[in-house]
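Trainee: I have a new model open and would like to learn how to read it. Can we go through it together?

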Amino acid sequence: MEKKDIIQSFKDSLFTGLIALALFGPIVGLRTASKGEGLFITPQWGVVFLLVGLCILGRFLINLNSARKTEITFFSKFTSKFSAITEDKAKHFAITAILFAVVFPFLPFTDRYFMDVAIMILTYIMLGWGLNIVVGLAGLLDLGYVAFYAVGAYSYALIATTFGWSFWICLPLAGVFAAFFGILLGFPVLRLRGDYLAIVTLGFGEIIRIILINWYEVTNGPDGITGIPRPSFFGLPFKRSPDEGETSFHLFFNLEYSTMHRIIFLYYLILVLALITNYFTLKIRKLPVGRAWEALREDEIACKSLGVNPTNTKLTAFAIGAMFGGFAGSFFATRQAFISPESFTFIESAIIVAIVVLGGMGSQTGVVLASIFLIGITEMFRDLEQYRMIAFGGAMVLIMVFKPKGILANRKPTILMHGDKK
Amino acid sequence: MSNLLSVENLTMKFGGLTAIDDLSFDAKNNQITSIIGPNGAGKTTVFNCLTGFYKPTDGQMFLHREDSKISLRKYTDFKIAYVAKVARTFQNIRLFPVMSVLENLLVAQHNELMIASGYSLFGLLNLKSYRDKEQLAVDKAKYWLDIIGLTHRADDNAGDLPYGDQRKLEIVRAMCIEPRLLCLDEPAAGLNPKESAELNKLLKFIKTEKQTGILLIEHDMSVVMGISDHVVVLNYGKKIFEGTADQTKNSKEVIEAYLGVDE
């Protein structure tokens with residue numbers, strides 16, 4: 001390490017500090033406070049200087065680290081170890097993770113809060129796996145995936161409240177509706193690729209949300225739909241005092257009534273749904289249609305020259321991806337028992353896309369890791385209230401810095417001629 | 001030898017520019033027909049018309065079968081490969097780079113496998129009928145990989161192969177759709193002399209062993225003269241000469257087109 005390098009990195013850190021000052025100055029430094037009548041600005045320069053100082057120090061340390069120009073720096077050691085674990089032992093990891101997920105509700109430290117977070121993470125994992133078909137395999141960047149989530153949730157809510165059918169009938173119907181909307185979106189965007197496709201799908205997501213807000217007669221507008229039936233355990237409802245002629249879950253199994261029963265049931269429900277999504281994706285990836293999706297992602301013109309029908313291939317990707325979004329949507333509706341357009345804003349789409357991209361496009365395990373990381377970190381910092389989005393952003397930046405291709409970016413061929421050599 | 005392809009009065013205009021002007025030629029079964037000409041002569045445009053990427057302004061293209069002939073104008077897009085069985089390769093290689101070599105060859109057999117998998121239904125149920133069909137497809141891929149000597153790399157990503165091997169892989173990938181007509185757009189571009197010789201061998205093999213006619217665009221004259229049965233020379237979208245390789249070499253018009261005319 002030469003003196004010149006140190007001066008250079010010191011200059012660079014000062015420049016970083018300047019940018020930090022420009023950003024933090026107005027955002028953090030000038031705080032509005034209401035005193036008596038009207039708003040006043042209270043400056044808090046101490047905090048600003050602390051933050052700027054941290055930025056300068058951090059940048060300086062990173063510079064020193066990279067200036068050493070050796071392979072085995074702290075960070076690369078960390079990341080290479082991490083990828084070694086996950087690449088070689090992806091299968092072991094998957095089995096362990098599933099086993100852990102199965103016993104999770106009965107672990108001693110698991111309480112209601114943990115269960116809720118786990119259900120949320122699993123919902124995002126399922127959405128991530130569903131979107132992975134469209135974005136990861138078929139390479140169609142869909143920024144409006146939440147639309148299918150919304151269609152699934154509203155289909156379930158409307159069918160269940162209107163006809164009173166059970167969850168298990170409404171679930172596939174919601175999936176079919178969502179798939180139909182997937183095809184509906186698919187048709188106009190067949191010719192689009194990349195940025196243009198992203199813009200149109202983004203618009204589609206907003207269109208669905210705005211329809212939900214304005215179509216008051218059907219969707220009840222911004223008030224949302226209340227009283228969505230809770231799922232029952234094969235006909236046994238989770239109620240303290242069941243209606244006349246009904247047996248509820250705790251009475252049937254001779255248990256003491258607890259609200260946890262329903263939570264645990266919901267947890268296993270979403271776990272099974274998510275695993276079905278995963279199993280289906282892993283299977284279909286090895287079928288001709290799955291290979292055609294990936295080929296389409298690689299080169300559409302070459303696909304055409306080989307007789308692959310790009311229209312059908314894209315539409316199946318949209319439809320199947322949307323279907324799983326719809327399943328997740330019905331689960332969401334039955335869990336919340338209340339839905340409104342508020343739950344289906346663009347930020348949801350953005351989070352799902354972030355999970356897929358940061359997990360490593362097309363990687364199933366990557367989606368799991370990214371969901372746990374992003375949703376878990378955001379939840380851990382829930383006490384910070386509005387600052388928790390900083391934690392979310394920070395988590396994204398960390399992944400992008402250390403794993404620019406996503407947490408797990410390795411792709412295994414769908415079929416091998418010489419068998420597995422490893 | 002029977003006619004395979006007849007192009008009649010083909011014209012392609014892009015606005016005011018006439019890229020192909022009233023072009024007619026024939027290509028025969030089990031023969032290699034080369035289309036040569038200086039840069040910008042309209043060779044690739046002919047290919048794009050034949051393979052459905054462009055819709056010609058005027059003219060007809062017929063593909064002859066045993067007892068009938070079909071008009072290629074009727075087919076566009078992916079149907080050229082799927083229904084009419086015209087396959088092509090590209091000037092800049094278009095493999096699926098992060099898919100394995102074997103997967104590349106299986107995508108080329110997509111339509112048969114799709115039907116065999118009952119549009120994914122039988123495949124999801126993992127029925128034996130589908131698994132057998134998939135094995136057949138793998139066997140076919142292996143057959144072609146043996147021919148180009150790439151079997152040992154079947155499970156590697158296509159993008160990781162050396163350039164020459166990628167060229168050969170693209171050709172056999174096109175062969176996996178069992179084409180009646182194979183259109184090769186500058187297959188020898190960027191190859192060293194040894195690789196060119198291997199390419200010649202491969203093309204000769206396809207020509208004699210398979211029921212396929214080959215249409216070839218090429219600048220490498222050692223390839224053109226070495227293997228062509230018939231040569232069509234284009235300049236500014238017009239056919240200026242047609243004949244065997246030897247006739248072409250000695251043709252005054254062709255030499256003038258390439259080297260210019262003495263003032």
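Trainee: Okay, where do I start? What pLDDT does chain B average?

Mentor: Good place to begin, as this is a predicted model. pLDDT is the predictor's own confidence in each residue, from 0 to 100. Here chain B averages 86, and 99% of its residues score at least 70. For the whole model, the scores are ipTM 0.88 and pTM 0.82.

Trainee: Next, the overall build. How many helices and strands does chain B have?

Mentor: Count 11 helices and 10 strands in chain B. Its radius of gyration is 19 Å, close to the 18 Å that the globule rule gives for 263 residues, so chain B is as compact as a globular protein of that length. If you lay the C-alpha trace along its principal axes, chain B spans about 70 × 40 × 35 Å.

Trainee: And what share of chain B is buried?

Mentor: Buried residues account for 45% of the 263 in chain B. You can also look at how far apart in sequence the contacting residues are. Taking contacts in chain B between residues at least 6 apart, 66% join residues at least 24 apart.

Trainee: Let's zoom in on the strands. Which strand pairs with β1 of chain B over eight bridges?

Mentor: For pairing, look for bridges between two strands: at least two are needed. In chain B, β1 (residues 3–14) and β2 (residues 17–28) pair in the antiparallel sense over those eight bridges. One bridge to find on screen sets M12(B) against I20(B) in β2(B). The hairpin they form has two residues between the strands, and G15(B) there takes a positive phi near 60°.

Trainee: How many bridges join β1(B) to β4 of chain B?

Mentor: Five, and those two strands run antiparallel. Strand β4 covers residues 58–64 of chain B. Pick out S6(B) and you'll see F62(B) of β4(B) opposite. As a general idea, side chains in a regular strand alternate between the two faces of the sheet.

Trainee: You mentioned a positive phi. Which residues other than glycine have one, for example?

Mentor: Try D22(B), with a phi near 50°. D22(B) is found in strand β2 of chain B. Another is N220(A), with a phi near 65°; N220(A) lies in the loop between α9 (216–219) and α10 (249–252) of chain A.

Trainee: Why does N220(A) count as partly exposed?

Mentor: Burial is about counting neighbours: 20 or more C-beta atoms within 10 Å means buried, 12 or fewer means exposed. N220(A) has 19 inside that distance, so it falls in between. D22(B) is partly exposed too, because 14 other C-beta atoms lie within 10 Å.

Trainee: Is helix α1 of chain B mostly covered or mostly open?

Mentor: Mostly covered: seven of the eight residues in α1(B), which runs over residues 43–50, are buried. Among them are V46(B), F47(B) and L50(B). After α1(B) comes G52(B), with a positive phi near 80°.

Trainee: Last one: how many residues of chain A are in contact with chain B?

Mentor: To read an interface, see who touches whom, then which elements supply the residues. Here 27 residues of chain A are in contact with 31 residues of chain B. On the chain A side, α11 (260–285), α12 (288–298) and α13 (300–305) each supply at least two residues. The most come from α12(A), with seven. By kind, the chain A side divides into 15 nonpolar, five polar and seven charged residues.

Note on methods. Residues are numbered from 1 along each chain as its sequence is written. Chains are lettered from A and ligands numbered from 1 in the order in which they are written. Helices (H or I, at least four residues) and strands (E, at least two) are DSSP runs, numbered from the N terminus. Two residues are in contact if their C-beta atoms, placed from the backbone, lie within 7 Å. Ala, Val, Leu, Ile, Met, Phe, Trp, Tyr, Cys and Pro count as nonpolar, Asp, Glu, Lys and Arg as charged, and the others, Gly among them, as polar. The radius of gyration is taken over C-alpha atoms; the globule rule is 2.2 Å times the number of residues to the power 0.38.
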